[in-house]
Amino acid sequence: MQTDYLEEFELDGYAVFRQVFKPQEMTEIHAATERVRQRALAGQKSCGNAKFYISDGYVRSATWCAMYEPILAEVRSDQRLLTIIEPLIGNNVRQLINNLHWKTPGSTHSVAFHADRINRINGQAQAIRNLPQSYIQTGLAVDPMQADNGPLIVIRGSHKQIDKEPIPTSVYSDDVVMKDELFDLGYHEEDIIELHLEPGDLAIWGPDTLHGSAANQNSELDRCFHINGYVNAYDCFMGYWAWIIGASISLPPKEVPEHVFGKQNFEMFEAK
Ligand SMILES: O=C(O)CCC(=O)C(=O)O
């Protein structure tokens with residue numbers, strides 16, 4: 001098992017793995033993400049945890065996209081992902097996040113600097129313990145991520161300084177991502193790391209690592225990022241199973257109720 005990144009992850013709060021998925025696989029994954037986007041644009045209704053978010057005519061995100069596409073369902077419990085996260089959170093793993101995030105050329109969507117803890121404690125606090133040690137977010141580059149198309153920006157070492165955290169009013173803001181705010185908090189330019197990724201590269205970060213991303217300024221290049229967030233099952237009693245003793249666990253159909261975040265109600269699971 002590869003463990004050489006553990007020291008870097010502990011120190012920096014994030015790590016990058018190159019070419020976890022091969023180009024041929026990424027071609028198929030890209031096609032699947034595009035089909036999900038077309039479903040959203042065609043007006044497919046949300047069902048249970050599977051939801052589309054459209055703003056200004058652009059599909060911004062699809063949650064539990066794996067419910068719609070078998071290849072995305074395979075990605076979420078792929079053994080290569082487990083190999084990376086197992087040394088951190090073990091091999092009995094539940095999943096709380098399964099998203100596609102697009103930044104389509106022409107859209108103004110950006111993501112304010114935040115730590116994912118804000119999303120986990122929003123209604124999930126009772127269900128999770130030991131958050132800094134039990135939760136890992138992963139992001140697979142579906143499109144290239146480069147300087148001008150809104151790459152993920154991580155703040156190196158911020159997970160050790162949780163008192164120095166901007167509190168965004170809205171994580172999914174359309175505001176320009178404000179680095180000044182980070183400078184005011186005492187971070188330096190060299191701590192602000194843009195992740196430039198090729199399709200198939202994977203980033204991981206912890207729940208206390210500050211991150212965000214600016215809008216896509218490239219007029220042609222899309223930016224689809226595939227987020228999967230996992231939790232050690234010994235520390236969380238919500239979420240879809242991803243692996244049990246290292247064996248991949250398939251998703252149930254999307255109509256089957258499973259609690260993954262705080263503000264859920266019975267209506268969510270009415271099949272539509
Ligand atoms: O899509 C992005 O750029 C940001 C993703 C993110 O902030 C998250 O998954 O927590």
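## Polar contacts to the ligand

In this predicted model, a side-chain N or O atom of H101 lies 2.9 Å from an oxygen atom of the ligand. S213 makes a similar approach: an N or O atom of the S213 side chain is 2.6 Å from a ligand oxygen. For H114, the distance between a polar side-chain atom and an oxygen atom of the ligand is 3.3 Å.

The ligand has 290 Å² of accessible area on its own, and the protein covers 98% of that area.

## The shell around the ligand

The shell holds 13 residues, and those that come nearest to the ligand are H101, D116, H211, S213 and R223. By residue class, the shell consists of five nonpolar, five polar and three charged residues.

Three strands each contribute at least two residues to this shell. They are β5, spanning 111–114, β10, spanning 211–213, and β11, spanning 224–232. H114, with its polar side-chain atom 3.3 Å from a ligand oxygen, falls within the range of β5. H211 and S213, both listed among the nearest residues, fall within the range of β10.

## The chain as a whole

The chain contains seven helices and 13 strands. It has 272 residues, of which 55% count as buried.

Among contacts with a separation of 6 or more, 83% are between residues 24 or more positions apart. The exposed area of the chain is about 12100 Å², with 54% of it supplied by carbon and sulfur atoms.

Technical notes
Residues numbered from 1 in each chain as written. Predicted model: local features only at pLDDT ≥ 70, side-chain atom pairs only at ≥ 80, totals over all residues. Heavy atoms only, no water. Near = heavy atom within 4 Å. Polar contact = N/O pair within 3.5 Å; in protein donor to acceptor, adjacent residues only side chain to side chain. Areas by Shrake-Rupley, 256 points an atom, 1.4 Å probe, with all protein chains shown as cover. Helix = DSSP H or I, 4+ residues; strand = E, 2+ residues; numbered from the N terminus. Nonpolar A, V, L, I, M, F, W, Y, C, P; charged D, E, K, R; others polar. Buried < 20%, exposed > 50% of the residue type's maximum accessible area, 1.4 Å probe, protein only. Contact = heavy atoms within 4.5 Å.
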